[in-house]
Amino acid sequence: MQPAEKPLEIPGLPTEAVVWEDEIWVLARHDAGARLGLTLHHREPESMGQLDDEHASQMGRIGNRLIRIIENLPGAGRVDLGRIPGERVQLTFEVADVAEEKLHEIAVKLSNWGGDARA
């Protein structure tokens, strides 16, 4: 897959926080204290109920793959999934006992299904 052609359009999200992206979704780090925190952002300002069926399906597939990738890392516990309400879809993933150094591995494994690893 070609690198995402769409510029990063998510207000307040620094480019260096991006772990993985494709044309529709951006996965970025967020501060979760001692836990590893990631947020999957929809590029367009649409709320959860406004997503078309294809984007909703993609969100589910990406989220499920991400959870499987993280939970299969050595020492990782269960991933907690959350949602940030607002103008755009944002799913959060938080897990204890996974070092930030694992972000590259997570991004590369996720990119095996598409998109581009940025970490």
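How many helices and strands are there in the protein? Colour the model by secondary structure and count: two helices and six strands. Keep in mind that you're looking at a predicted model.

Now trace the chain from the N terminus, and you'll meet the elements as β-β-β-α-β-β-α-β. The radius of gyration comes out at 13 Å, close to the 14 Å that the globule rule gives for 119 residues, so the protein is as compact as a globular protein of that length. Switch to the C-alpha trace, and its span along the principal axes is about 35 × 30 × 25 Å.

Next, select the strands. All six sit in one open sheet, and reading across it gives β4-β5-β3-β2-β1-β6, with antiparallel pairing. Go to the edges: select 80–83 for β4 and 116–117 for β6, each of which pairs on one side only.

Then move inside the sheet. Select residues 35–42 (strand β3) together with residues 90–95 (strand β5): the two run antiparallel, with six bridges joining them. Zoom in on Leu36 and look across to β5, where Val95 is its bridge partner.

Turn on contacts for the whole chain. Of those with a separation of 6 or more, 55% are between residues 24 or more positions apart.

Finish with the surface. About 6,400 Å² is exposed, and carbon and sulfur atoms supply 48% of that. As for the residues, 42% of the 119 count as buried. Last selection: the charges. There are 13 positive and 21 negative ones, and the mean positions of the two sets lie 4 Å apart.

Conventions
Residues are numbered from 1 along each chain as its sequence is written. This is a predicted model: local features need pLDDT of at least 70, side-chain atom pairs count only at pLDDT 80 or more; totals for chains, interfaces and linings use all residues. Side-chain values use heavy atoms; hydrogens and water are left out. Helices (H or I, at least four residues) and strands (E, at least two) are DSSP runs, numbered from the N terminus. The radius of gyration is taken over C-alpha atoms; the globule rule is 2.2 Å times the number of residues to the power 0.38. Buried means under 20% relative accessible area, exposed over 50%, partly exposed in between (1.4 Å probe, protein chains only). Contact means heavy atoms within 4.5 Å. Accessible areas come from the Shrake-Rupley method with a 1.4 Å probe; for residues, only the protein chains shown count as cover. Lys and Arg count as positive and Asp and Glu as negative; His and the chain ends are not counted. The place of a charge is taken as NZ of Lys, CZ of Arg, CG of Asp or CD of Glu. Two strands pair if DSSP finds at least two bridges between them.
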